[in-house]
Amino acid sequence: DDQIERERASQHLAGGCCALAAIYLMGKFYVANAGDSRAIIIRNGEIIPMSREFTPETERQRLQFLALLRPELLGKEFTHLEFPRRIQPKEVGKKMLYRDQNMNGWAYKKIEEDDLKFPLIFGEGKKARMMATIGVTRGLGDHDLKVFSSNIHIKPFLSCFPEVRVYDLTQYEHCPDDVLVLGTDGLWDVTNDKEVAAVVMEVLTSYEPNDPCRYTMVAQELVVRSRGVLKERGWRLANDKLGSGDDISVFVIPLGGPGNYT
């Protein structure tokens, strides 16, 4: 993240990205995730999550706590409190559900003038945005990112520190159909874990266990199915829902060799 900041000044480069890394070291896989990419292990048909997405929803309490400690970061435009919906001026003085950085559930509070500010986190699911700008709360770069038509910087709320999960390969017998799947949000936006596992098993069973190209073909099939087919109404999946409009990158890494196959 520091290097990207230096290059921003020396090479006039802007922007940012998420990061998902898998490192094999002394019999263990270390999977580090900063962003909304995802990794899963498929072992004997079982799905084992190896990461979680970092979004305004999943990191709500961290973001709200930072905003509470440093209200100047909100530029007098936002409130760190969360409400079920945007508050209207006519509702000042009435009671409404809210939650702060210490709460998992909801409670009632009397609406004040200060609560009319735009919420730090707004929206649900993939539509959730922090400061009405960004839907990912960890990653690299984005040092220049600001709230639209303002001088409020987003970067102080973005963390470049990943969450790391460890998988011990020595604890299990792995066959060639056991894999680690790494994918960007372009894959997971339209395909869930079970659907990915189904594609993995479908493609792998059509190749011999010792055929090394079988894993590349799985990754290719996952990309193709997530993009969909171009029709009159845009890219469409097999169920006619919209295909992914984001970039799609997929790695499929075998956990076992032909010698372990039974």
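This is a short talk on one chain, going from its overall make-up to its domains, its largest pocket and two backbone details.

A word on the source before I start: this is a predicted model.

Overall make-up, then. The chain has 262 residues, and 42% of them are buried. Its secondary structure amounts to 17 strands and five helices. Along the principal axes, the C-alpha atoms occupy a box of roughly 70 × 45 × 40 Å. The accessible surface is about 14800 Å², with carbon and sulfur atoms accounting for 53% of it. On contacts, take the pairs of residues at least 6 apart in sequence: 60% of those contacts join residues at least 24 apart.

Next, the domains. The assignment gives two pieces of the chain, 1-53 and 162-254, to domain 1, and 59-141 to domain 2. Taken over C-alpha atoms, the centres of domain 1 and domain 2 are 32 Å apart. To the contact, domain 1 brings 14 residues and domain 2 brings six residues.

That leads to the largest pocket. Its space comes to about 620 Å³. The lining has 27 residues, and those closest to the pocket centre are C18, D36, S37, T184 and D185. Four elements each give two or more residues to this lining: strands β2 (19-25), β14 (179-183) and β17 (250-254), together with helix α3 (185-188). Sorted by class, the lining holds ten charged, ten nonpolar and seven polar residues.

Where does the largest pocket lie with respect to domain 1 and domain 2? Lining residues come from domain 1 and also from domain 2, so the pocket lies between them.

Last, the backbone. Two residues that are not glycine have a positive phi. One is A132, with phi of about 55 degrees. A132 sits in the loop that runs between β11 (129-130) and β12 (140-141). The other is S149, where phi is also positive, about 55 degrees. S149 is found in the loop between β12 and β13 (163-168).

Is S149 buried or exposed? The relative accessibility of S149 is 68%, and the cut-off for exposed is over 50%, so S149 counts as exposed.

To go back over the main items: the chain is assigned two domains, the largest pocket lies between them, and A132 and S149 each have a positive phi without being glycine.

Technical notes. Residues numbered from 1 in each chain as written. Predicted model: local features only at pLDDT ≥ 70, side-chain atom pairs only at ≥ 80, totals over all residues. Heavy atoms only, no water. 1 Å grid on protein atoms, 1.4 Å probe; cavity = no way out; pocket = protein on both sides within 12 Å on 5 of 7 lines; lining within 4 Å. Points joined across faces, edges and corners; volume = space filled by probe spheres on them. Nonpolar A, V, L, I, M, F, W, Y, C, P; charged D, E, K, R; others polar. Domains from an automatic or database assignment. Buried < 20%, exposed > 50% of the residue type's maximum accessible area, 1.4 Å probe, protein only. Contact = heavy atoms within 4.5 Å. Areas by Shrake-Rupley, 256 points an atom, 1.4 Å probe, with all protein chains shown as cover.
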